[in-house]
Amino acid sequence: MDMTSMDETSKPSDVKKVATLDNALHAIASFAARSVELFKKIAELNLLKSTLEVDIKTQADTIKFLNEVLCCELDNIREQFEAKLAQVEISKAELDQLYLETSNAVSYVQETLHYFVPILKWIVVKTHK
């Protein structure tokens with residue numbers, strides 16, 4: 001449901017509900033996209049600066065921790081919008097949509113962690129030559 005499908009007879013509370021849900025989904029998608037972009041930049045830096053004297057285990061632990069923090073932040077965003085949506089009496093279907101999109105966003109961010117494995121392996125091989 002979007003703003004264009006609403007007619008002139010829609011209640012102001014319905015318009016506010018749809019706008020809030022759209023804002024929530026946009027915020028979640030934007031944060032997930034920025035998180036994935038952040039991991040891409042970290043990967044590029046790791047490839048360029050693979051001769052750093054940082055322990056590879058420390059690097060992997062830091063990347064894993066950052067991933068966990070970003071996933072928790074996505075859940076925090078969902079909770080904030082859920083509280084706003086509760087004020088405008090959101091339906092169960094709309095709440096389910098919010099949970100589903102948050103779950104998808106968390107999955108995307110978690111997938112980026114798997115892309116680091118080959119990069120970290122390459123760094124290990126390169127530094128042990």
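How many salt bridges does a search of the whole structure find? The search, made on a predicted model, finds nine. Side chains of opposite charge can pair when their charged atoms come close. Several of these pairs are described below, followed by the nonpolar core and the aromatic residues.

One of the salt bridges joins Glu94 to Lys17, with 3.9 Å between the closest N and O atoms. This pair links distant parts of the chain, since Glu94 belongs to helix H3 (residues 92-127) and Lys17 to helix H1 (residues 12-48), 77 residues apart. Both Glu94 and Lys17 are buried.

A salt bridge within a single helix is found between Glu44 and Lys40, whose side chains meet at 3.6 Å, N to O. Both residues lie in helix H1, where they are four residues apart, or about one turn of the helix. Glu44 has a relative accessible area of 33% and Lys40 one of 44%. Buried residues fall under 20% and exposed residues over 50%, so Glu44 and Lys40 both count as partly exposed.

Helix H2 (residues 56-87) contains the pair Glu82 and Arg78. The side chains of Glu82 and Arg78 meet in a salt bridge, at 2.4 Å from N to O. Glu82 and Arg78 are separated by about one helical turn because they are four residues apart in helix H2. Are the two residues of this pair buried or partly exposed? Glu82 is partly exposed, with a relative accessible area of 23%. Arg78, at 6%, is buried. The cut-off for buried is under 20%, which means that Arg78 meets it and that Glu82 does not. Glu82 and Arg78 also belong to a network of salt bridges that links them with Asp75 and Glu79.

In soluble globular proteins, nonpolar side chains tend to be buried together. In this model, the largest nonpolar core has 24 residues, of which Ile28, Phe39, Leu74, Leu98, Val109 and Phe116 touch the most other members. At least two residues of this core come from each of H1, H2 and H3. What is Leu74 in contact with, leaving aside its neighbours within four places in sequence? The contacts of Leu74 are Ile28, Phe31, Ala32, Thr102, Ala105, Val106 and Val109.

A pair of aromatic rings is described by the distance of the centres and the angle of the planes. The structure holds one aromatic pair. This pair is formed by Phe39 and Phe116, with 5.8 Å from centre to centre and 75 degrees between the planes. An angle over 60 degrees counts as edge-to-face, so the pair of Phe39 and Phe116 is edge-to-face. Distant parts of the chain are linked by this pair, with Phe39 in helix H1 and Phe116 in helix H3, 77 residues apart. Phe39 and Phe116 are both buried. Another aromatic residue, Phe81, has Lys84 over its face, at 5.1 Å from the ring centre.

Ala19 is placed in helix H1. At a relative accessibility of 26%, Ala19 is partly exposed. Along the chain, Ala19 and Leu85 are 66 residues apart, while their C-alpha atoms are separated by 9.9 Å.

Terms used
Residues numbered from 1 in each chain as written. Predicted model: local features only at pLDDT ≥ 70, side-chain atom pairs only at ≥ 80, totals over all residues. Heavy atoms only, no water. Salt bridge = Lys/Arg side-chain N within 4 Å of Asp/Glu carboxyl O. Buried < 20%, exposed > 50% of the residue type's maximum accessible area, 1.4 Å probe, protein only. Core = buried A, V, L, I, M, F, W, Y, C linked by side-chain atoms within 4.5 Å. Contact = heavy atoms within 4.5 Å. Phe/Tyr/Trp six-rings, centres within 6.5 Å; stacked < 30°, edge-to-face > 60°. Lys NZ or Arg CZ within 6 Å of the ring centre and 35° of its normal.
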